[in-house]
Amino acid sequence: MTEIPELIITQANELTQRLLESKTIGHNVPPLFAEDYAQLVNIKRVEKMDLGDLSALLLPEKGGYAIKINSKHHPLRQNFSFAHEIAHILLDKALDESTEHTELRATKQMDGKFKERLCERIAAELLMPKTIFTNYLNQQGISVNSILRLAHAFYTSIPATARRIAELSEEPCIALYWKLVKRPRWREFKPCLIWLSDSQYEIPKFLSVSQNSSVFEAFQTTSSTGQFESFALGNIKRPFYIESKGFGQKPQRYIISLVFPQRKKA
Ligand SMILES: [Zn+2]
């Protein structure tokens with residue numbers, strides 16, 4: 001019995017393989033553009049236009065699909081949205097063809113939110129294929145200092161690249177995304193956790209750290225910070241190795257941290 005998410009990830013990997021073997025790109029180096037995959041999944045037409053709040057639209061049409069991409073969005077985002085819609089094609093096909101062999105805890109359990117997250121995951125798979133990305137990652141080293149170079153190489157956003165690093169790191173690793181926030185009760189701005197990559201740790205929803213934290217320090221400097229720091233990941237507050245780096249300028253500035261929960265103090 002194969003579950004739908006596994007099945008689609010396998011299909012996405014096969015698609016990448018076909019793309020790499022095809023004459024369209026014919027090399028093993030990134031970046032891979034979502035548009036390169038279009039033919040392989042029967043996308044007949046690509047239109048770029050102002051779609052307001054929407055990132056992209058997938059429209060079935062005779063013998064395939066048409067896709068509309070929001071031209072107002074940053075090109076990196078357009079590329080990722082495009083890949084996300086390709087994931088929907090794979091997902092819809094898998095759901096259509098599902099038999100008892102592809103047991104879906106699916107149809108019922110696979111709600112909209114789950115589907116969207118799965119498509120994000122598949123989009124990352126298409127643009128940052130496991131084998132190629134892992135190669136690059138091992139050359140660069142698993143560190144916040146590698147995110148920018150990998151993002152440039154794969155033509156992906158910094159947050160998406162950080163998530164992928166955490167996903168593919170051999171050493172357990174969690175990616176955290178922070179913004180500086182001031183809540184009414186607080187006297188000062190503090191780094192607040194906005195999202196984190198999948199992890200086995202229960203992490204408080206509105207986790208924040210003080211201005212003494214190395215996360216805050218990363219907001220102030222251009223270099224990265226890295227140290228053991230005590231904070232609440234899971235139920236127990238204990239020291240974790242955390243690396244942080246700031247990206248972008250105020251007020252859009254954000255911090256990406258990589259936490260290595262199993263790393264021990266020397
Ligand atoms: Zn979607």
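**Entry 1: domains**

How far apart do the C-alpha centres of domain 1 and domain 2 lie? I noted beforehand that this is a predicted model. I took the bounds from the domain assignment, which gives domain 1 as 4-127 and domain 2 as 136-260. The two C-alpha centres are 28 Å apart.

I then looked up the contacts between the domains. Nine residues of domain 1 are in contact with eight residues of domain 2. On the side of domain 1 that touches domain 2, the elements giving two or more residues are H3 and helix H5 (112-127). H3 gives the most to that side, with four residues. By class, I recorded seven nonpolar residues, one polar and one charged on this side of domain 1.

**Entry 2: the nonpolar core**

Which residues have the most contacts inside the largest nonpolar core? I listed Ala 83, Ile 86, Ala 123, Leu 126, Leu 127 and Val 259, in a core of 59 residues. Helix H3 (residues 75-97) supplies the largest share of this core, eight residues. The core lies between domain 1 and domain 2, because both give residues to it.

I followed up Ala 123. Setting aside neighbours within four places in sequence, I found Ala 123 in contact with Phe 80, Ala 83, His 84 and Ala 87.

**Entry 3: helix H7**

I next examined helix H7 (residues 147-154), whose buried residues are Ile 147, Leu 150, Ala 151 and Phe 154. How are these buried residues arranged about the axis of H7? Viewed down the axis, they fall within an arc of 100°, so they line one face of the helix. As background, residues three or four places apart in an α-helix point the same way because there are 3.6 residues a turn.

I also recorded what this set packs against: the buried residues of H7 meet H5, helix H6 (130-140), helix H8 (158-168) and strand E8 (254-260). Just after H7, I noted a positive phi of about 55° at Tyr 155.

**Entry 4: strand E8**

Is E8 largely enclosed or largely open? Six of its seven residues are buried, so I entered E8 as largely enclosed by the rest of the structure.

I checked the pairing of E8 with two strands. Strand E4 (residues 174-181) pairs with E8 in the antiparallel sense over six bridges. Strand E7 (residues 237-247) also runs antiparallel to E8, and seven bridges join them. Ile 255 of E8 appears in both pairings: Ile 255 is the bridge partner of Trp 178, and Ile 255 is likewise the bridge partner of Gly 246.

I then looked up the connection from E7 to E8. These strands form a hairpin with six residues between them. Gly 248, in the turn, has a positive phi of about 75°.

**Entry 5: Leu 168**

My final item was Leu 168, which lies in helix H8. Is Leu 168 buried or partly exposed? I counted 17 other C-beta atoms within 10 Å of Leu 168. A buried residue needs 20 or more and an exposed one has 12 or fewer, so Leu 168 is partly exposed.

Which residues does Leu 168 contact, leaving aside its neighbours within four places in sequence? I found Lys 130, Phe 133, Thr 134 and Leu 137. For the pair Leu 168 and Lys 130, I recorded a separation of 38 residues in sequence and a C-alpha to C-alpha distance of 7.3 Å in space.

Conventions
Residues are numbered from 1 along each chain as its sequence is written. This is a predicted model: local features need pLDDT of at least 70, side-chain atom pairs count only at pLDDT 80 or more; totals for chains, interfaces and linings use all residues. A nonpolar core is a set of buried Ala, Val, Leu, Ile, Met, Phe, Trp, Tyr and Cys residues joined through C-beta atoms within 7 Å. Domain bounds come from an automatic or database domain assignment. Two residues are in contact if their C-beta atoms, placed from the backbone, lie within 7 Å. Ala, Val, Leu, Ile, Met, Phe, Trp, Tyr, Cys and Pro count as nonpolar, Asp, Glu, Lys and Arg as charged, and the others, Gly among them, as polar. The arc is that of the directions from the helix axis to the C-beta atoms. Two strands pair if DSSP finds at least two bridges between them.
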